[in-house]
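Visitor: Please pick one residue of this model and take me through it closely. I would like to know where it sits, what surrounds it, and how its neighbourhood fits into the rest of the fold.

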Amino acid sequence: MARAKQPVSVNGIEFDALIDQTDTLEATVPEYTVEDGFVVSDAIILNPEKLDMTLYITDTPVTWYSRHGSGQDRVESIVKQLQELYYTAEPTTVVTSAKSYTNMAIESLSISKSVEIGYAREVSISFKKIRVTSAKTTTIPDSYGKSGTTQASAGTASTSSGSSGGSSGSGSGSSGGSSGSGSNSGSSGGSKSSILYSAANSIGLI
């Protein structure tokens, strides 16, 4: 195995050793039946990338000694930095010897100590990728607000109530049937008007 060229770091916090690492890629696959000819990839949802690591820190590092040196407060200092990083809940950058992971959120942080490792600490930390998108604003062309190939205004619809066509009846008096019908309706209307006029006059309204 090739020697690592740099220590693992989380937002610039460097560790002495990487004990293990797991990269997880998951997808949500539809359980319903997919129709033949349907583009299956449109229904498969790719979940955010996950990264699980177990890291090691000590006051007297053997690896990367030239970078880290030694000191009695080194472990406690790094533990405090990791806790602060967790509580800030901001995207972090994880760098390994093989790859850089950006926009990662800390899902869990576990710091273990035991008799076997003495003053050193094993740090189990889990990350999940934060998907970042950007919104864009565009101007809608004027042609979208007009109709037809001529791009003329669609106009407005009339909201006035329609006529029952009484005027056309009076204008078609050339035929005998139409003329008779028109005269009957006219006399009926005049009779009703006379009755209303007489009633209003008798009670003093006119």
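Guide: A strand is here a DSSP run of E with at least two residues, and strands are numbered from the N terminus. The model is a predicted one. The residue I pick is T92, which belongs to strand 7.

T92 has a relative accessible area of 1%, and it is therefore buried, the limit being under 20%. Beyond its neighbours within four places in sequence, T92 is in contact with N11, L85, Y101, T102, N103, M104 and F127. These contacts give a route through the surroundings, and I will follow several of them in turn.

Strand 8 comes first. M104, one of the contacts of T92, is also its bridge partner in strand 8. Strand 7 and strand 8 run antiparallel and are joined by three bridges. Four residues lie between the two strands, and together they form a hairpin. N103, another contact of T92, is in strand 8 as well. Its phi is positive, about 55 degrees, although N103 is not a glycine. N103 counts as partly exposed, because its relative accessibility is 31%, whereas T92 is buried.

Strand 1 is the other partner to consider. Strand 7, residues 92–95, is joined to strand 1, residues 9–10, by two bridges, and this pair is antiparallel too. The bridge partner of V10 in strand 7 is V94. N11, which touches T92, is located in the loop between strand 1 and strand 2. The phi of N11 is near 50 degrees, again a positive value in a residue other than glycine. With a relative accessible area of 40%, N11 is partly exposed. In the same region, the C-alpha atom of G12 is 9.4 Å from that of T92, although the two residues are 80 residues apart along the chain.

These pairings are part of a wider arrangement. Seven strands make an open sheet with antiparallel pairing, in the order 2-1-7-8-9-6-3. Strand 2 (13–14) and strand 3 (17–24) are at its edges; each has a single partner strand, so one side of each has no neighbour in the sheet. Helix 2 packs on this sheet and touches strand 1, strand 2, strand 6, strand 7, strand 8 and strand 9, with its direction at about 120 degrees to that of strand 8. Further along the order, strand 8 pairs with strand 9 in the antiparallel sense over eight bridges. In that pair, S110 has S124 as its bridge partner in strand 9.

L85 takes us from T92 to helix 2, where L85 is buried along with R74, V75, I78, V79 and L82. These residues cover an arc of only 130 degrees around the axis, so they lie on the same side of helix 2. The reason for such spacing is general: an α-helix has 3.6 residues a turn, so residues three or four places apart point the same way. K80 and Y87, on the other side of helix 2, are exposed. Helix 2 has 15 residues and spans 21 Å between its first and last C-alpha, close to the 21 Å expected at 1.5 Å a residue. A89 follows helix 2 and has a positive phi, near 55 degrees.

F127, the remaining contact to follow from T92, leads to the largest nonpolar core. This core has 20 residues, and F127 is among those with the most contacts inside it, along with F15, M53 and L55. Strand 6 (50–57), helix 2 (74–88), strand 8 (100–112) and strand 9 (121–129) each supply at least two of the core residues. Helix 2 gives the largest share, five residues. As for F15, its contacts beyond four places in sequence include L55, I78, L82 and V123.

To put T92 back in place: it is a buried residue of strand 7, bridged to M104 in strand 8 and in contact with N11, L85 and F127, among others.

Notes: Residues numbered from 1 in each chain as written. Predicted model: local features only at pLDDT ≥ 70, side-chain atom pairs only at ≥ 80, totals over all residues. Heavy atoms only, no water. Core = buried A, V, L, I, M, F, W, Y, C linked by side-chain atoms within 4.5 Å. Buried < 20%, exposed > 50% of the residue type's maximum accessible area, 1.4 Å probe, protein only. Contact = heavy atoms within 4.5 Å. Pairing = 2+ DSSP bridges. Axes fitted to C-alpha atoms, helices over the stretch in contact; angles between N-to-C directions. Expected span 1.5 Å × (residues − 1). Arc of directions from axis to C-beta.
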